[in-house]
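This note is addressed to a colleague who is meeting the structure for the first time. Please read it alongside the sequence and the coordinates.

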Amino acid sequence: MSRMVVASLMMSLLVIGSVGMASAQESESTTLQNENQTNDCAVVIGIDASGMAYNQTDVSIEVGETVCWVWENESMEHNVAETGGPNDNNRKLTGVYSGPAATTVDFNHTFTENMTFYYMCEPHVSMDMRGTITVGTGTPATPASTMDDKPDDTVPGFGIISVVLAGLGAVVFLRIETLRMITPRGSRIPREI
Ligand SMILES: [Cu+2]
């Protein structure tokens, strides 16, 4: 019986080891793919027929994508100025800014993190000329943790040792359980010396 336990332990060790190696290789190639970014316009925002609003006011994109604001020979001057929120009329001084309002604008911005981006047209904010860009999951409610809680598998021996120790513990436990089953309850008669 104990030979079977040992044999099955060896098998499970082999399986656990190969699965761990496969998943490590997989995550490595995924990281490399995500580093490739292009500067193509994921969305192009213009001026609508009224001439006093963006033609798209609520847009969602993925992290790493670029939004382009393009218009030409409009009757009125417009621009893109980041604000602090959906009802904020003040431009963020360090924020995204296309420059002074103009009848012809070709501006773009690449968003590199999850956020909700609010912007306005400065001359027409009183007429509610605004827009929102949701990047990825939007602005996180709490700062996202950058820590990876998974243990680093750079020392392959350590994982195997801990599995072996756990296996030995299981064998000891099984033996104790077997002895309990064999020994009838209440037969704790002192042994003869
Ligand atoms: Cu405007």
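The points below move from the whole chain to its sheets, its core and a few single residues.

1. Status of the model. The structure is a predicted model. The protein chain has an average pLDDT of 76, and 53% of its residues score at least 70. Over residues 13-17 the pLDDT is below 50, and beyond near neighbours in sequence this stretch has 4 contacts in the model. Residues 19-38 also stay under a pLDDT of 50, and here the model has 4 contacts beyond four places in sequence. I would ask the reader to keep both stretches in mind when viewing the N-terminal part of the numbering.

2. Overall make-up. The protein chain contains 2 helices and 7 strands. Read from the N terminus, the elements follow the pattern α-β-β-β-β-β-β-β-α. Of the 193 residues in the chain, 13% count as buried. Among contacts between residues at least 6 apart in sequence, 61% join residues at least 24 apart.

3. The sheet of three strands. Strands β1, β3 and β5 form an open sheet in the order β1-β3-β5, with mixed pairing. Its edge strands are β1 (41-45) and β5, each of which pairs on one side only. From one strand to the next, the twist averages 20°. Strand β1 runs parallel to β3 (residues 66-71), and 4 bridges join the two. Within this pairing, Cys41 has Thr66 of β3 as its bridge partner.

4. Asn108 in the edge strand β5. Asn108 is placed in strand β5, which spans residues 105-110. Is this residue buried, partly exposed or exposed? Asn108 has 19 C-beta neighbours inside 10 Å and therefore counts as partly exposed; burial would require 20 or more. Leaving out residues up to four places away in sequence, Asn108 touches Cys41, Thr66, Val67 and Cys68. Cys41 and Thr66, named here among its contacts, are also the bridge partners mentioned in the previous point. Val67 and Asn108 lie 41 residues apart in sequence, yet their C-alpha atoms are 5.5 Å apart in space.

5. The sheet of four strands. A further open sheet has 4 strands in the order β2-β7-β6-β4, again with mixed pairing. Strands β2 (58-61) and β4 are at its edges, each pairing on one side only. At one edge, β2 runs parallel to β7 and is joined to it by 4 bridges; in this pair Asp58 stands opposite Thr132. In the middle of the order, β6 and β7 run antiparallel, with 6 bridges between them. At the other edge, β4 and β6 pair in the antiparallel sense over 2 bridges.

6. Met120 between two partners. Which residues stand across from Met120 on its two sides? In β4, Ala81 has Met120 of β6 as its bridge partner. Towards β7, Met120 stands opposite Arg130.

7. The nonpolar core. The largest nonpolar core has 17 residues, and those with the most contacts inside it are Phe117, Tyr119, Met120 and Ile133. The elements that give two or more residues to this core are β3, β6 and β7. Strand β6 gives the most, with 4 residues. Tyr119, apart from its neighbours within four places in sequence, is in contact with Val80, Ala81, Glu82, Thr83, Val96, Arg130 and Gly131.

8. Two loop residues with positive phi. Asn73 lies in the loop between β3 and β4 (81-82). Its phi is near 50°, a positive value in a residue other than glycine. Asn73 counts as exposed because it has 6 C-beta neighbours inside 10 Å, where the limit for exposure is 12 or fewer. Asp128 lies in the loop between β6 (115-120) and β7 (130-135), and the phi of Asp128, near 65°, is likewise positive in a residue other than glycine. With 12 other C-beta atoms within 10 Å, Asp128 is also exposed.

Conventions:
Residues numbered from 1 in each chain as written. Predicted model: local features only at pLDDT ≥ 70, side-chain atom pairs only at ≥ 80, totals over all residues. Contact = placed C-beta atoms within 7 Å. Pairing = 2+ DSSP bridges. Axes fitted to C-alpha atoms, helices over the stretch in contact; angles between N-to-C directions. Core = buried A, V, L, I, M, F, W, Y, C linked by C-beta atoms within 7 Å. pLDDT = per-residue confidence, 0-100.
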